[in-house]
Amino acid sequence: MKINHNIPAIIANSNLKNAENRVSTSVERLSSGLRINRAGDDPAGMAISQKMRSQIRGLSRASDNSADGVSVIETAEGALTEVHSILNRMRELAVQSANDTHAPEDREAIQAEIDSLTAEVDRIAKDTQFNGVYLLDGSLDYRGYTDTKGVDVITFSEEVPEQKYQIRIASTGVAERAETVQGDIGAINGAAEGTLIINGDAIEFKAGDTAQDALEKVRTLANRVGVSVYSENGSMRYVSDEYGSKAKIEFKCENPNLAAALGITPGATYGQDTTVYLDNFNGTASYRSDGKRVTITDRSGFEIELEVDPNVDTSEPVEIDIMHIGAMTLQIGANENETMCLKVPPTTAHALDIEDMNYLCQEGSSRAISTLDNAVAKISSVRASLGAYQNRLEHTISNLDISEENMTSAMSRIEDVDMAEEMSEYTASNVIQQAGISVLSQANDVPQMVLQLLN
């Protein structure tokens with residue numbers, strides 16, 4: 001027997017410490033619900049679970065980002081719903097004004113409403129925003145620039161590749177001009193009274209009209225049909241407010257004496273559309289021109305819309321630089337470059353080409369119908385595009401939520417403790433701990449037996 005070292009007690013104490021550690025670990029796992037509370041519990045499992053945790057939080061945030069994107073689209077689409085309603089009302093007014101049962105003052109009232117509705121379309125496009133980001137004024141559209149002042153990119157489709165293009169302007173849009181001698185409008189008498197028709201609209205001249213009366217009547221009529229009148233150097237100059245082949249100045253007067261007094265020659269003349277050459281486009285590309293606007297198209301939805309100022313320098317080629325920047329980027333995934341671009345073209349009155357429509361005459365009202373049809377088609381196209389974005393985002397949200405659920409389940413299998421199994425382990429460790437305490441107590445009694453030998 002030995003008294004310097006109590007080997008049985010040391011052995012019992014060592015096993016007791018191990019039992020206490022196991023009990024402590026079980027208590028920690030049972031109280032936290034986690035199998036891994038520190039790296040030492042499972043180094044590999046801890047590394048994998050933390051990577052999964054980052055992905056799960058990223059997926060959750062990406063799902064919220066996508067939901068925010070849906071809110072942006074709903075805001076823009078809601079505004080465009082109102083624009084659609086306004087355009088339909090404007091078209092209804094155009095059909096109404098195109099009917100010649102209306103007096104000039106009736107058409108003036110219609111024009112006043114049209115001007116107000118046009119201003120509202122512009123206001124909606126320029127003021128609609130989400131969290132300070134403007135949605136419909138072109139801020140979320142891809143950027144297109146030219147190197148020539150007076151040639152502007154209005155919009156282009158997503159199918160246009162990001163590169164540089166070149167056109168040459170052969171001729172610019174022309175506003176029709178007609179020049180007449182002033183005549184002797186003070187000489188309107190019984191033989192010279194009658195009806196003057198400009199662009200399909202008429203006004204009556206009477207024998208008692210003064211020169212000032214006659215001049216005012218000419219200006220009033222010209223204004224109704226979209227023609228500006230200038231009196232200078234003994235002649236009258238008429239300039240159409242529109243540009244292109246639809247711009248015309250047509251005089252009709254059945255009384256030759258009245259025509260002579262007014263200094264006009266009956267007949268019709270027309271303006272000219274912009275003409276361009278497509279230098280480095282595909283051989284299948286083509287263009288259509290409407291006054292100052294040029295639309296370049298190709299297969300697969302390729303379309304670039306330009307506006308060419310009539311005073312632009314046509315001596316040098318025009319370079320068009322198309323860049324896919326400016327659209328709203330949505331982070332719809334948990335990792336780098338998992339994004340979606342939300343592109344919304346401008347829907348201003350200028351972009352829709354509904355500025356300065358003339359409802360004061362039958363012909364202008366009739367032309368406005370097709371102009372508004374094109375505007376409605378553009379808004380429909382934008383809304384259809386927004387609807388496609390929204391459907392995609394809703395599917396994205398569903399996919400992200402499912403991925404988050406499955407990854408959370410996988411991480412749970414690594415991190416979470418099996419409570420039943422751990423409770424069994426705790427019970428066993430607790431029994432072993434109690435047994436160790438009892439054995440240690442008995443081992444500490446062994447040296448006491450030496451005293452009996454010494455006695």
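Five aromatic pairs turn up in this predicted model, where rings of Phe, Tyr and Trp (its six-membered ring) pair if their centres lie within 6.5 Å, and planes under 30 degrees apart count as stacked, over 60 as edge-to-face and the rest as tilted. Tyr165 and Phe281 make one stacked pair, because their ring centres are 4.9 Å apart and their planes meet at 20°. Tyr165 belongs to strand β5 (residues 164-171), while Phe281 is in the loop between β13 (275-278) and β14 (286-290), so the pair links distant parts of the chain, 116 residues apart. Strands here are DSSP runs (E, at least two residues), helices are runs of H or I with at least four residues, and both are numbered from the N terminus.

A word on ground rules: residues are numbered from 1 along each chain as its sequence is written. As this is a predicted model, local features need pLDDT of at least 70 and side-chain atom pairs count only at pLDDT 80 or more, while totals for chains, interfaces and linings use all residues; side-chain values use heavy atoms, with hydrogens and water left out.

Back to the rings. Tyr165 has 4% relative accessibility and counts as buried, and Phe281 is buried too, at 12%. Buried means under 20% relative accessible area, exposed means over 50%, and partly exposed is in between (1.4 Å probe, protein chains only). Tyr165 also pairs with Phe302, this time edge-to-face, with 5.9 Å between the centres and 75° between the planes. Phe302 sits in the loop between β15 (293-297) and β16 (303-308), so its pairing with Tyr165 in β5 ties together parts that are 137 residues apart in sequence. Phe302 is buried, just as Tyr165 is. Put together, ring pairs join Tyr165, Phe281 and Phe302 into a cluster.

Rings also meet charges in this model. A charge sits over a ring if NZ of Lys or CZ of Arg is within 6 Å of the ring centre and within 35 degrees of the ring normal. Here are two such cases:

| Charged residue | Ring | Distance from ring centre |
|---|---|---|
| Lys217 | Phe205 | 5.7 Å |
| Lys343 | Phe156 | 5.9 Å |

Now for the helices. Helix α8 (residues 419-445) has 27 residues and should span 39 Å at 1.5 Å a residue, which agrees with its end C-alpha atoms being 39 Å apart. The expected span is 1.5 Å times one less than the number of residues. Which residues of α8 are buried? They are Glu422, Ser429, Gln433, Gly436, Leu440 and Ala443. An α-helix has 3.6 residues a turn, so residues three or four places apart point the same way. Helix α1 (7-32) is included in what covers the buried residues of α8.

Three single residues give a feel for the packing elsewhere, with contact meaning heavy atoms within 4.5 Å. Arg53 is in helix α2 (residues 43-97) and counts as partly exposed, at 31% relative accessibility. Apart from neighbours within four places in sequence, Arg53 is in contact with Met411 and Glu415. Arg53 and Glu336 are 283 residues apart in sequence, but 17 Å apart in space, C-alpha to C-alpha.

Gln390 is placed in helix α7 (residues 362-415) and is buried, at 17% relative accessibility. Leaving out residues up to four places away in sequence, Gln390 touches Val70, Ile73 and Glu74.

Thr347 is in the loop between β19 (339-342) and α6, and is buried with a relative accessible area of 2%. Beyond residues up to four places away in sequence, the contacts of Thr347 include Leu80, Val121, Ile379 and Val382.

Next, some empty space. The second largest pocket holds about 300 Å³, where a pocket is an open set of points on a 1 Å grid over the protein atoms alone, with room for a 1.4 Å probe and protein on both sides within 12 Å along at least five of seven lines; lining residues have an atom within 4 Å of a point. Its lining has 17 residues, with Asp137, Gly138, Val153, Ile154 and Pro346 nearest the centre. β3 (143-146), β4 (151-156) and α6 (349-352) are the elements that give two or more residues to that lining, and β4 gives the largest share, five residues.

Finally, two backbone angles. Asn131, in the loop between β1 (129-130) and β2 (133-134), has a positive phi near 55° and is exposed, at 74% relative accessibility. Asp356, in the loop between α6 and α7, likewise has a positive phi near 55° and is exposed, at 76%. Most residues other than glycine have a negative phi.

Key:
Points joined across faces, edges and corners; volume = space filled by probe spheres on them.
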